[in-house]
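Morning, everyone. Please have a look at the structure on the screen, and then I'll walk you through it.

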Amino acid sequence: MGQPVERESGAAAHSELPPGQRLQRGWPVTHYGPVPKFRPERWEFRVFGATADGEKRCWTHEEFTALPYATVLADLHCVTKFSMIGAEWGGIPARTILETAPPAPGVTHVMVWAEYGFSSNVRLSDFASESTIFATHKDGELLTAEHGFPLRLVVPHLYAWKGPKWVRGVEYMTADRRGFWEERGYHNIGDPWREQRYSYQEEPGEGPEL
């Protein structure tokens with residue numbers, strides 16, 4: 001792995017928790033459906049959709065984990081109202097993926113795809129944040145299977161559901177499209193500081209029609 005690069009967000013930027021959140025000691029396991037079995041020989045990470053060159057890009061697990069490694073000191077805010085403060089996430093920055101497999105000029109959003117067809121839509125600007133990271137480690141330790149091993153996305157400035165566990169790829173999109181939870185009543189953007197939990201709170205322009 002490459003030389004770690006530290007970046008800070010979350011606790012360094014805010015003196016209190018987002019509205020409605022409580023401080024969590026430890027890390028609860030929260031997910032929908034079963035924990036997938038990791039088979040490294042079958043695993044690949046794909047970037048597809050509106051890429052700059054029109055081609056799909058794929059990495060094996062060995063190739064993906066050989067990409068430059070960085071660390072981000074950041075909080076994690078769950079829509080179920082717990083917050084973990086100041087965790088160190090290690091992995092591959094989302095910006096590395098954007099640089100290695102660039103999107104076409106018209107891309108505005110990405111869909112992050114995970115095991116079992118789970119998906120989460122994220123604005124390109126959120127995905128491109130310097131604190132957004134495809135995490136393989138937390139606090140220097142490999143993620144456990146229950147917490148998303150081998151790969152989970154962490155978008156510290158959005159609610160944690162926007163960063164799926166067991167990620168397998170990214171689709172570049174030229175128009176917004178709701179992901180799994182967004183189709184089921186969760187807010188299309190998911191900013192914890194604005195307490196954007198549910199779709200009924202959306203303002204005009206914040207998401208496609210349900």
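How do strand β5 and β6 pair, and over how many bridges? They run antiparallel, and seven bridges hold the pairing. Before I go on, a reminder: this is a predicted model.

Let's stay with β6. It covers residues 82–93. β5 covers residues 70–77. One pair to find on your screen is Ala70, which stands opposite Gly91 in β6. The two strands form a hairpin with four residues between them. Look at Lys81 in that hairpin: its phi is positive, near 90 degrees.

β6 has other partners too. Strand β9, residues 133–138, pairs with β6 in the antiparallel sense over five bridges. Here Gly91 turns up again, opposite Ala135 in β9. Then there is strand β2, residues 22–23. β2 pairs with β6 in the parallel sense, over two bridges. Within that pairing, Leu23 has Ser83 of β6 as its bridge partner.

Is β6 enclosed or open to the outside? Nine of its twelve residues are buried, so β6 is largely enclosed by the rest of the structure. Buried, for that count, is under 20% relative accessible area.

Next, the open sheet. It has five strands, in the order β4-β3-β12-β7-β8, and the pairing is mixed. β4, at 57–60, and β8, at 119–123, are the edge strands, each pairing on one side only. From one strand to the next, the twist averages 15 degrees. Inside the sheet, β7 and β12 run antiparallel, joined by six bridges. Val112 has Val170 in β12 as its bridge partner.

Val170 comes back when we look at Phe127. Set aside the neighbours of Phe127 within four places in sequence, and its contacts are Ala94, Leu98, Val110, Val122, Thr132, Phe134, Leu153 and Val170.

That takes us to the packing. Which residues have the most contacts inside the largest nonpolar core? They are Phe45, Phe64, Ile97, Phe127, Phe134 and Tyr172, in a core of 27 residues. Two or more residues each come from β3 (44–49), α2 (94–100), β7, α3 (124–127) and β12 (167–173). There is also a second, separate core, with 14 residues. Val72, Leu76, Phe82 and Ala160 are among its members.

Now one polar residue, His109. It sits in strand β7, which spans residues 109–114. Is His109 buried or exposed? It counts as buried, because its relative accessibility is 14%, and the cut-off for buried is under 20%. The side chain of His109 makes a polar contact of 2.8 Å with the side chain of Thr108. Beyond four places in sequence, His109 touches Val122, Arg123, Leu124, Glu171, Tyr172, Met173, Ala175 and Asp176. Tyr172 is one you have already heard, from the list of top contacts in the largest core.

Last item: cysteines. How many disulfides does a search of the whole structure find? Zero. Take two cysteines, Cys78 and Cys58. Cys78 is buried, with a relative accessible area of 8%. Cys58 is at 30% relative accessibility, so it counts as partly exposed.

That's my tour. Over to you.

How values were computed
Residues are numbered from 1 along each chain as its sequence is written. This is a predicted model: local features need pLDDT of at least 70, side-chain atom pairs count only at pLDDT 80 or more; totals for chains, interfaces and linings use all residues. Side-chain values use heavy atoms; hydrogens and water are left out. Buried means under 20% relative accessible area, exposed over 50%, partly exposed in between (1.4 Å probe, protein chains only). A polar contact is a pair of N or O atoms within 3.5 Å; within protein, one must be able to donate a hydrogen and the other to accept it, and residues adjacent in sequence count only if both atoms are side-chain atoms. Contact means heavy atoms within 4.5 Å. A nonpolar core is a set of buried Ala, Val, Leu, Ile, Met, Phe, Trp, Tyr and Cys residues joined through side-chain atoms within 4.5 Å. Two strands pair if DSSP finds at least two bridges between them. Axes are lines fitted to C-alpha atoms, for helices over the stretch in contact, and angles run from 0 to 180 degrees between N-to-C directions. A disulfide is a pair of cysteine sulfur atoms within 2.5 Å.
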